[in-house]
Amino acid sequence: MEREIVVAIPTFHREGSLSRLLGEIVPHATATNARVLVIDNDPAGSAREVAARAGVDHVIEPGRGLAAVRNRALDEAGGARALVFIDDDELPAPDWLPTLVARWRETGAAAVSGRVETRFPDGWHDPWIEEGGFFRRVRFADGALQHSAPTNNLLLDLDAVRRRGVRFDAAFGLSGGEDIHFTKRLVAAGEEIVSCPDALVYDVVAPARLTRGWVLRRAYRVGISTVHTDVAAKAHARGRLAARVRGLVGGGARAAVGGCRWFFGILTRSPRHDARGARAAWRGLGMMVGSVGGSYQEYSRR
């Protein structure tokens with residue numbers, strides 16, 4: 001029987017966190033009569049047994065990258081009316097999915113974006129990363145309209161997606177940013193993304209990501225992706241050129257100011273100035289690189 005709602009979980013070699021998520025998410029799916037679908041980006045199907053134990057559907061998407069996986073979710077949703085994305089390293093709060101679905105039914109929006117909060121491993125403490133705000137997220141008021149949204153806690157109205165003919169762009173498959181590009185195009189086509197902070201999921205940060213090298217590489221990649229998505233959203237050459245110039249100038253200014261603050265933080269031994277300056281400098285550098293067509297394929301291993 002065709003389900004009205006499909007919950008898609010893209011995954012790649014994260015059997016442990018996927019198993020924890022499925023243990024939490026099945027009651028949510030039962031409460032909303034939703035189908036849960038694991039989309040495995042490992043051609044060997046390493047998530048197959050985890051999905052089978054949880055009693056949920058599993059498909060393999062051999063195409064490398066997040067865009068291929070998310071497009072596979074759109075295809076697998078079939079005649080469903082809503083598609084919900086959640087990441088395989090997250091955990092839902094109580095009533096997460098019913099809350100997200102209720103907001104969609106109330107508003108009829110093309111997308112509903114839930115809130116994501118970060119959870120660190122027990123006992124972890126690094127003042128530099130904490131002061132740098134590397135894992136803080138932009139917060140939106142309840143019911144606010146967003147110009148874009150990530151897919152780590154997002155409901156898509158599939159009627160609107162089909163009507164607009166929007167797909168995830170393979171050009172962002174290995175670099176990231178495919179979700180921001182997708183949702184920007186949806187808004188540009190005349191649709192709305194509504195914020196629903198009560199639909200909460202927790203991002204459980206893996207220890208491998210809690211290093212200075214990883215957080216600065218992520219800041220650099222976000223800088224590149226920000227410019228790439230801005231450029232790709234422009235329909236005409238003049239608009240794309242203007243977006244590149246803005247990225248180059250804005251990125252240069254960010255890198256310069258951030259570099260000065262970084263140096264000041266090192267001199268004064270201030271973790272706050274040190275970390276926030278480094279974050280700004282690396283993001284600004286990424287924006288400059290993105291403006292001249294450079295890229296960083298963070299997900300190339302997939």
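Is F168 buried or exposed? At 4% relative accessibility, F168 counts as buried, and the points below, which concern a predicted model, take up the surroundings of this residue before turning to the strands and the surface.

1. The aromatic contacts deserve attention at the outset, since the structure holds seven aromatic pairs. In one of them, the ring centres of F85 and F168 are 6.1 Å apart and the planes stand at 85°, so this pair is classed as edge-to-face. The two partners come from distant parts of the chain, F85 lying in strand β4 (residues 82-86) and F168 in the loop between α6 (158-164) and α7 (178-188), with 83 residues separating them.

2. The burial of F168 has a counterpart in its ring partner, because F85, at 0% relative accessibility, likewise falls under the 20% limit for a buried residue. The ring of F85 also has a charged group over it, namely the end of R70, which sits 5.0 Å from the ring centre.

3. A stacked geometry is found for F120 and W124, whose ring centres are 4.6 Å apart and whose planes make an angle of 25°. These two residues belong to a cluster, linked through ring pairs, that also takes in F135 and W214. As for solvent contact, F120 has a relative accessible area of 33% and is therefore partly exposed.

4. Strand β6 (residues 111-119) has pairings with both β8 and β9, and the two should be read separately. With strand β8 (residues 153-157), β6 pairs in the antiparallel sense over three bridges, and within this pairing V112 stands opposite L155 of β8. With strand β9 (residues 193-204), β6 runs parallel and is joined by nine bridges; here S113 stands opposite S195 of β9.

5. A further contact between a charge and a ring involves R119, which lies over the face of Y202 at 3.8 Å from the ring centre. R119 falls within the residue range of β6, 111-119, and Y202 within that of β9, 193-204, so that this contact can be inspected together with the strand pairing described in the previous point.

6. On the surface, L241, V245, L248, V249 and V292 form a nonpolar patch, with about 470 Å² of accessible area together. Among them, L248 is found in helix α9 (residues 237-268), and with a relative accessibility of 39% it counts as partly exposed.

Terms used
Residues are numbered from 1 along each chain as its sequence is written. This is a predicted model: local features need pLDDT of at least 70, side-chain atom pairs count only at pLDDT 80 or more; totals for chains, interfaces and linings use all residues. Side-chain values use heavy atoms; hydrogens and water are left out. Patches are made of residues with over 30% relative accessible area and no salt bridge: like charges are joined within 9 Å, nonpolar side chains (Val, Leu, Ile, Met, Phe, Trp, Tyr) within 5 Å. Accessible areas come from the Shrake-Rupley method with a 1.4 Å probe; for residues, only the protein chains shown count as cover. A salt bridge is a side-chain nitrogen of Lys or Arg within 4 Å of a carboxyl oxygen of Asp or Glu. Helices (H or I, at least four residues) and strands (E, at least two) are DSSP runs, numbered from the N terminus. Buried means under 20% relative accessible area, exposed over 50%, partly exposed in between (1.4 Å probe, protein chains only). Two strands pair if DSSP finds at least two bridges between them. Rings of Phe, Tyr and Trp (its six-membered ring) pair if their centres lie within 6.5 Å; planes under 30 degrees apart count as stacked, over 60 as edge-to-face and the rest as tilted. A charge sits over a ring if NZ of Lys or CZ of Arg is within 6 Å of the ring centre and within 35 degrees of the ring normal.
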